[in-house]
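The exercises below ask you to read a predicted model step by step, each task being followed by a worked solution. Please keep the sequence and the coordinates at hand while you work through them.

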Amino acid sequence: MPYSPYCGIGYIAAALQRNRIPFQYFDLRFKKVADRFFTIIKRAQPDLIGMTMFTLGYKFSYDFLEQIKLSFPEIKIVVGGPHVSCFLEKMLEECPAIDYGVTIEGDDIIVD
């Protein structure tokens, strides 16, 4: 069970809200949400899916993102977090499902 959401998502949410861009946040560390995630995506039909990636478990994240891209090839995937900041080029080579990697503060560029 997670202790709290990652604080970076709060900054991103505030930037989206300030610019009146609709969004939803899902903490996939909760099993009930993770089990329904593909149904949620199908219903919401988002233009973009963002994910925070840590180096611990990054291969699981790659697999998960590849599943998303196979199921919804038209949806762009953006990834941020420590793993991206350290391994951007390698990450983009290893996981072609990722369309964008953010190495700076995500709230500065998410609106663009």
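**Exercise 1. The sheet**

How many bridges join β1 to strand β2, and do the two run parallel or antiparallel?

*Solution.* Some conventions come first: this is a predicted model in which local features need pLDDT of at least 70 and side-chain atom pairs count only at pLDDT 80 or more, while totals for chains, interfaces and linings use all residues. Residues are numbered from 1 along each chain as its sequence is written, and side-chain values use heavy atoms, with hydrogens and water left out.

Step 1. Strands (E, at least two residues) and helices (H or I, at least four residues) are DSSP runs numbered from the N terminus, and two strands pair if DSSP finds at least two bridges between them. Five bridges join β1 to β2, which covers residues 76-80, and the two strands run parallel.

Step 2. Individual bridges can then be located: Leu 48 has Lys 76 as its bridge partner in β2, and Met 51 has Val 79.

Step 3. The whole sheet is open, with three strands in the order β1-β2-β3 and parallel pairing. Because β1 (48-52) and β3 (100-102) each have a single partner strand, they stand at the edges, and one side of each is left without a neighbour in the sheet. Neighbouring strands are turned by 20° against each other on average, direction ignored, where axes are lines fitted to C-alpha atoms (for helices over the stretch in contact) and angles run from 0 to 180 degrees between N-to-C directions.

**Exercise 2. The helices on the sheet**

Determine which strands are touched by helix α4, and describe how helix α3 is placed.

*Solution.* Step 1. Helix α3 (residues 58-71) lies across β1 and β2, and runs at about 160° to β2.

Step 2. Helix α4 (residues 82-94) packs on the sheet and touches β2 and β3, its direction making about 155° with that of β3; contact means heavy atoms within 4.5 Å.

Step 3. As for the cover of β2, four of its five residues are buried, buried meaning under 20% relative accessible area, exposed over 50% and partly exposed in between (1.4 Å probe, protein chains only).

**Exercise 3. Three helix residues**

Is Lys 69 buried or exposed, and with which side chain does its own side chain make a polar contact?

*Solution.* Step 1. Lys 69 belongs to helix α3 and counts as buried, because its relative accessibility is 15%.

Step 2. Its side chain makes a polar contact of 2.6 Å with the side chain of Asp 99. Such a contact is a pair of N or O atoms within 3.5 Å; within protein, one must be able to donate a hydrogen and the other to accept it, and residues adjacent in sequence count only if both atoms are side-chain atoms.

Step 3. Leu 70, also found in helix α3, is instead exposed, with a relative accessible area of 74%.

Step 4. In helix α4, His 83 is buried at a relative accessible area of 3%, and a polar contact of 2.9 Å joins its side chain to that of Thr 55. Leaving aside neighbours within four places in sequence, the residues in contact with His 83 include Tyr 58, Tyr 62 and Met 91.
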